[in-house]
Amino acid sequence: MNNNYEIIHNLELLKKGYSTRFLDSKMQLELKKKLKKNEYQIYYPYDESEKVLFYTKKIPEITLLEIISKENLEHKDILGSVFSLGIDSSMFGDIIISDNHYYIYVLKEIKDLFLNHFYVIKRTNIKVEERNLDLLKDYKREFCDIKIIVSSKRFDTIISKLIGVNRTKVLELIRMKDVLLNCEVLSNPSKKIIEGDIFSIRKYGKYKYIGVLNNTKNDNLILLIKKYI
């Protein structure tokens, strides 16, 4: 969906008293620029949900679905299969993997599409069942540890190493406003990271910087970064 169209569409939904669709961090920032604080509320499917919905009075109608599989699934495989159904990213929320259970939040209006037409993920047969929203109300995001070796704490250097792309690609991501730092668009590639910073890279994931673990013999830095699962 075109970014400007999506902004206008979500603003119109709020104006008519409806909730928005699911908003990623980037869209949340765009809408906040155009709204006053008393013009909306934010619905979090769970405390640390990355994708949320804005609403005025009526709490959004969403559904929690569990994807049941005999084989282990990865986030990227689930996401790719959802997109293969022709579903826009604003129609579904976070994908959660916890203790070999797989969940996805979706707008209530497309629940039946998942229940009746979502059968396979990466050549693995699956089944989809509806779950009570309270099932994950106390869920806390899980992390995996990533250690990287870099020459400096500059964000362009860290992002390049973290996702395995060259500096040109990093600068493109920053130019396209696809890198968010502590819920704000990162515009300065030379900005240095500090402990506790939370940043996200569109299509690559969300991360939390923990700190320097050690120095190498060549005086490079060994950093510990936690990636949200």
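I'll go through one sheet, the helix across it, and some ring contacts in this predicted model.

Start with the sheet. It is open, has six strands with antiparallel pairing, and the order is β8-β13-β12-β11-β9-β10. The edges are β8, residues 143-150, and β10, residues 184-185; each of these pairs on one side only.

Now look inside the sheet, at β9 and β11. β9 covers residues 179-181 and β11 covers residues 198-201, and three antiparallel bridges join the two. Leu181 has Phe199 of β11 as its bridge partner. Keep Phe199 in view, as that residue comes back shortly.

Next, the helix. α5, residues 155-163, lies across β8, β9, β11, β12 and β13. Its direction is at about 120° to β8.

On to the aromatic rings. The model has eight aromatic pairs. Which kind of pair do Phe155 and Phe199 make? The ring centres of Phe155 and Phe199 are 5.5 Å apart and the planes stand at 85°; planes over 60 degrees apart count as edge-to-face, so this pair is edge-to-face. The two residues are 44 apart in the chain, with Phe155 in helix α5 and Phe199 in strand β11, so the pair links distant parts of the chain. Are these two buried or exposed? Both Phe155 and Phe199 are buried.

Elsewhere, ring pairs join Tyr46, Tyr105 and Tyr139 into a cluster.

Last, two lysines over rings. Lys51 has its charged end over the ring of Phe92, at 4.4 Å from the ring centre. Lys206 has its charged end over the ring of Tyr228, at 4.8 Å from the centre.

Notes. Residues are numbered from 1 along each chain as its sequence is written. This is a predicted model: local features need pLDDT of at least 70, side-chain atom pairs count only at pLDDT 80 or more; totals for chains, interfaces and linings use all residues. Side-chain values use heavy atoms; hydrogens and water are left out. Two strands pair if DSSP finds at least two bridges between them. Helices (H or I, at least four residues) and strands (E, at least two) are DSSP runs, numbered from the N terminus. Contact means heavy atoms within 4.5 Å. Axes are lines fitted to C-alpha atoms, for helices over the stretch in contact, and angles run from 0 to 180 degrees between N-to-C directions. Rings of Phe, Tyr and Trp (its six-membered ring) pair if their centres lie within 6.5 Å; planes under 30 degrees apart count as stacked, over 60 as edge-to-face and the rest as tilted. Buried means under 20% relative accessible area, exposed over 50%, partly exposed in between (1.4 Å probe, protein chains only). A charge sits over a ring if NZ of Lys or CZ of Arg is within 6 Å of the ring centre and within 35 degrees of the ring normal.
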